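Here is a short report on one protein model and its bound ligand. Keep the structure open while you read.

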Amino acid sequence: MTENPSMRHFDTHPARMPANTRLYGRRVLLRPLVPPDFEAWSEVRHRNHDWLTVWEPQRLAHLPDPTYVRDAFVSRCSQRDRERQNGVAYAYGLFVDGDFAGEVNLNTVHRGAFMSATIGYWIDELHAGCSYIPEGVVVLMRHSFEDLGLHRLEICIVPRNHNSRRVMDKLAIREEGVSLRFLEIDGVWEDHVRYAITAEEWEQRRDALARQWL
Ligand SMILES: CC(C)(COP(=O)(O)OP(=O)(O)OC[C@H]1O[C@@H](n2cnc3c(N)ncnc32)[C@H](O)[C@@H]1OP(=O)(O)O)[C@@H](O)C(=O)NCCC(=O)NCCS
């Protein structure tokens, strides 16, 4: 039977990637969160409330809190499965020695002439300082460029978030400049330093990054 080129595109389109993709670093595992992760996820989120919320958009008060309400967490998992299936975002839990430790996400995936996405991340303070997030970011960069075929990845950081900017320094990600009042963080429109890496840079650096981190 003659191969139909348009079907080849359909089969390999990133939106057809299996939703349960597992990504491996040297020490970290990235995998989608699922309903049985509720206890571990909510325990980590509660314990880290003060550590995390100063760097995050405010939670919408009229919606149920997924850290307390299991059904809301289950909905969050389903929504993220749909986003993965639609190819618009790829959210992963980060696991160390089998334990839930944080999240590394690929958000706002744009295709067409842009082929770009934004990376976000956080880690349980108990696991901070072990370079698990830099490792997870390299794992996600490899997946984004080599499996999803994206061209540009961006990481946006509030200028005073020195811990997060240190992650960029460790990975030598290019700093592009500051966008004013860029995102709502903890109720304030905060400026953000924008870091980016393109597929051309990944191609040049992938072996060295893999040797160091994967
Ligand atoms: C930013 C963050 C994700 C970094 O993750 P990580 O896995 O700890 O990254 P690293 O191990 O590379 O640590 C980065 C820097 O954080 C600082 N740090 C490490 N452990 C720390 C701790 N327990 N408390 C405070 N700062 C710490 C150190 O300066 C470290 O740099 P160093 O390794 O050169 O000493 C993490 O600090 C975090 O989740 N912070 C709160 C949420 C957040 O800021 N998210 C990012 C928004 S853009």
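At roughly what angle do the axes of helix 5 and helix 6 cross? They cross at roughly 60°, and the two axes come within 10 Å. That makes helix 5 oblique to helix 6. Keep in mind that this is a predicted model.

**Helix packing**

Two packed helices are described by the angle between their axes and the distance between the axes. The crossing of helix 5 and helix 6 is also right-handed. Helix 5 brings I133, P134, V137 and V138 to the contact, while helix 6 brings V167, K170 and L171. By class, this contact of helix 5 with helix 6 holds six nonpolar residues, one charged residue and no polar ones.

Helix 5 also packs with helix 7, which covers residues 199-213. Here the angle is about 135°, and the axes are 11 Å apart. That makes helix 5 oblique to helix 7. The contact of helix 5 with helix 7 divides into eight nonpolar residues, one charged residue and no polar ones. The crossing is left-handed. On the helix 5 side, the contact residues are P134, E135, V138, M141 and F145. On the helix 7 side, they are A199, W202, L209 and W213.

**Around the ligand**

Which residues come nearest to the ligand? They are A128, G129, I133, N163 and S164, out of 21 residues around the ligand. Four elements give two or more residues to this shell: helix 3 (49-53), strand 5 (116-123), helix 5 (132-147) and helix 6 (162-171). Helix 6 supplies the largest share, with five residues. What classes make up the shell? It has 13 nonpolar residues, five polar ones and three charged ones.

I133 links two parts of this report. It is among the residues that come nearest to the ligand, and it belongs to the contact of helix 5 with helix 6.

**The sheet**

Now turn to the strands. Eight of them form an open sheet with mixed pairing. Their order is 1-2-3-4-5-6-8-7. Which strands are at the edges? They are strand 1 (23-24) and strand 7 (174-185), and each pairs on one side only.

Three of the pairings can be set side by side. Each row gives the sense of the pair, its bridges and one pair of facing residues.

| Strands | Sense | Bridges | Facing residues |
|---|---|---|---|
| Strand 2 and strand 3 | antiparallel | four bridges | V28 and V96 |
| Strand 3 and strand 4 | antiparallel | seven bridges | Y90 and L106 |
| Strand 4 and strand 5 | antiparallel | seven bridges | G102 and I123 |

To find these strands, look for residues 28-31 in strand 2 and residues 90-96 in strand 3. Strand 4 covers residues 99-110.

Next come the turns. Strand 3 and strand 4 form a hairpin with two residues between them. In that turn, D97 has a positive phi of about 50°. Strand 4 and strand 5 form a hairpin too, with five residues between the strands. There G112 takes a positive phi near 65°.

**Putting it together**

Strand 5 has a place in both pictures. It pairs with strand 4 in the sheet, and it is one of the elements that give two or more residues to the shell around the ligand. Helix 5 also gives residues to that shell. It packs with helix 7 at an angle of about 135°, and its axis crosses that of helix 6 at roughly 60°.

Note on methods
Residues numbered from 1 in each chain as written. Predicted model: local features only at pLDDT ≥ 70, side-chain atom pairs only at ≥ 80, totals over all residues. Near = placed C-beta within 6 Å. Nonpolar A, V, L, I, M, F, W, Y, C, P; charged D, E, K, R; others polar. Axes fitted to C-alpha atoms, helices over the stretch in contact; angles between N-to-C directions. Parallel < 35°, antiparallel > 145°, perpendicular 65-115°, else oblique. Left-handed = near helix turned anticlockwise from the far one by under 90°. Contact = placed C-beta atoms within 7 Å. Pairing = 2+ DSSP bridges.
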